[in-house]
Amino acid sequence: MTVSLLVTNAYLYIDRDWEIPNGWIALKDGRVHSVGHSGETPPRAEKNLSANGKLVTPGLINAHHHMYQNLTRAYAPVTNGTLFEWLQGLYPLWAGLDEESVYLSTAVAMIELLMGGCTTSMDHMYVHPKPFLIDAQFRAAKDIGFRFHATRGSMTRSIEDGGLPPASVVQDEDTILADSERLVHAYHDASPGAMGRVALAPCSLFSVSERIMTESASMADRYDLRLHTHLAEDHDEDRYCADVYGCTPTEYFERVGWASPRSWVAHYIYPSTDEIDRLAHAGVCTAQCPCSNMMIGGGSADAMDMRRRGMRVGLGCDGSASTDHASLWLETRMALLLGRFRNGPHSMTARDALDMATRGGAACLGWDDEIGHLKPGACADLVVWQMSEISLAGALTDPVEAWLRCAPATAGTTIVNGRILVENGQPVLKNLRDILGAHRKEAMRIQRLNISI
């Protein structure tokens, strides 16, 4: 038996409660073939890679993102705004999105995610000033080799209808539903080991009509899809739902048929404990975005309390224009710091945070049978982590804790579907400079700048 790739001399984090201090992992046909410790003879391999004693984990899974927003990172006029002020300032710029800018922003986001150890990501693409934007995202994912779970986002309420965005970025209900169905037929791959899947993701309760919420749930049942939206993220959302629907955001979420194991929500900062219990019992997962929530001053959920109540919790980078980065390693570290800051040093460990970034994210995407762990048979998505000798000096007893405490860490090698996409800390992509140059031009256009390149 010959495998395609063998990684040796590694501290292997296979799954929660399964670690191999001096181990090897063999990959074949896009899957984990076998794992073992140094005393066991590994299979022969076409390519051998020594981890040199470094930590190897499953690829991290990004459960909430808005990739197009890296075109407006650190945009000065809105850096100190509230969530709603930030959105109102950027929606007019995002109205300039087209297929080229979405392709480039998606490519940059995926490359950055790979460098931060992320091997699977969703994207919440809810701004649609032009058609076929998600098609452009799938082209980028295919060109890079990234495992991608697109979500067809939507908005129906513009400023004229009492919403936040301009009319140029919202769509009518029939257009949204027809395009959602088109994307499912064109790109959703339900087969094991899929590289592309589609979920349905109305932006938020205050940005779409009730019909979009209910018919999205119905379509998800019909095609066996996941459902995603923002929920209970801001006090303004509480006031909106009380005024318009006469209930809380969670109660409305339940009313429109979304409280099911198909659903995962982003943020979920301001529910009551009873509401958390109800959604946990219904099988709803949540994605926390620690850096974004802190950057925008919007509060944060108690992720460990949610986990204790039975809710699966993943992590996400959120919009590049609020977080201004796409490092899921950094989100994982911030989740650890935020959890301990909130509830004390006994409340959370690095392994808890890593579990959220792997198993938790996989649960959000409904994919934890194949990704988020490295058991034999899992998708061959893994990371050999890279840290400087200076950062690790003295860290001799616990590589997983050191991974988040002794910062910074980046991906030395990132493998997706058995392919090396980051090697020696650098993306394996021949046209990276061209992508970055074209991205800069598009970012200048979107931001309406006239700066010398």
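Colleague: Which residues of the lining lie nearest the centre of the second largest cavity?

Modeller: Keep in mind that this is a predicted model. In it, the second largest cavity has 17 lining residues, and those nearest its centre are Ala301, Ala303, Ala335, Leu338 and Gly339.

Colleague: Which elements give two or more residues to that lining?

Modeller: Three helices do: α9 (290-295), α10 (303-308) and α12 (328-343). Of these, α12 gives the most to the lining of the second largest cavity, with 5 residues.

Colleague: Why is this space called a cavity and not a pocket?

Modeller: A cavity is space where a 1.4 Å probe fits but cannot get out, whereas a pocket is open. The second largest cavity holds about 130 Å³ of space, and it is called a cavity because the probe cannot get out.

Colleague: How many cavities of 30 Å³ or more does the search of the whole structure find?

Modeller: The search finds 6. In the largest one there is about 190 Å³ of space. Its lining has 21 residues, with Leu83, Leu87, Tyr126, His230 and Glu233 closest to the centre.

Colleague: What makes Tyr a nonpolar residue and Glu a charged one when you sort a lining?

Modeller: It's a matter of which list each one is on: Tyr sits with Ala, Leu and others as nonpolar, while Glu sits with Asp, Lys and Arg as charged. His is on neither list, so it counts as polar. Sorted that way, the lining of the largest cavity has 10 nonpolar, 9 polar and 2 charged residues. For the second largest cavity, the split is 10 nonpolar, 5 polar and 2 charged.

Colleague: Which element supplies the largest share of the lining of the largest cavity?

Modeller: That's α1, with 4 residues. Both α1 (83-94) and β15 (318-319) supply at least two.

Colleague: OK, on to pockets. Which residues are closest to the centre of the largest pocket?

Modeller: Gly53, Lys54, Leu55, Leu392 and Pro399, out of 18 that line it. The volume of this pocket is about 380 Å³. Two or more lining residues come from each of β16 (382-386), α14 (389-392) and α15 (399-405), and α15 has the largest share, 3 residues.

Colleague: What makes α14 long enough to be called a helix?

Modeller: A helix needs at least four residues. Helix α14 runs over 389-392, so it meets that cut-off of four residues.

Colleague: How many residues in the lining of the second largest pocket are charged?

Modeller: There are 4, alongside 4 nonpolar and 3 polar. That pocket has a volume of about 200 Å³, and its lining includes Asp224, Arg226, Arg197 and Arg262. Those four count as charged because Asp and Arg are on the charged list.

Colleague: Last one: is threonine 358 buried or exposed, and how do you know?

Modeller: Its relative accessibility is 1%. Buried means under 20%, so threonine 358 counts as buried. It lies in helix α13 (residues 350-364). Leaving out residues up to four places away in sequence, threonine 358 touches Pro58, Gly59, Leu60, Ile61 and Gly372.

Colleague: What makes you call Gly372 a contact of threonine 358?

Modeller: Contact means heavy atoms within 4.5 Å. Gly372 is among the residues that threonine 358 touches, so the two have heavy atoms within that cut-off.

How values were computed
Residues are numbered from 1 along each chain as its sequence is written. This is a predicted model: local features need pLDDT of at least 70, side-chain atom pairs count only at pLDDT 80 or more; totals for chains, interfaces and linings use all residues. Side-chain values use heavy atoms; hydrogens and water are left out. On a 1 Å grid over the protein atoms alone, a cavity is a set of points where a 1.4 Å probe fits but cannot get out, and a pocket is an open set with protein on both sides within 12 Å along at least five of seven lines; lining residues have an atom within 4 Å of a point. Grid points are joined across faces, edges and corners, and a volume is the space filled by probe spheres set on the points. Buried means under 20% relative accessible area, exposed over 50%, partly exposed in between (1.4 Å probe, protein chains only).
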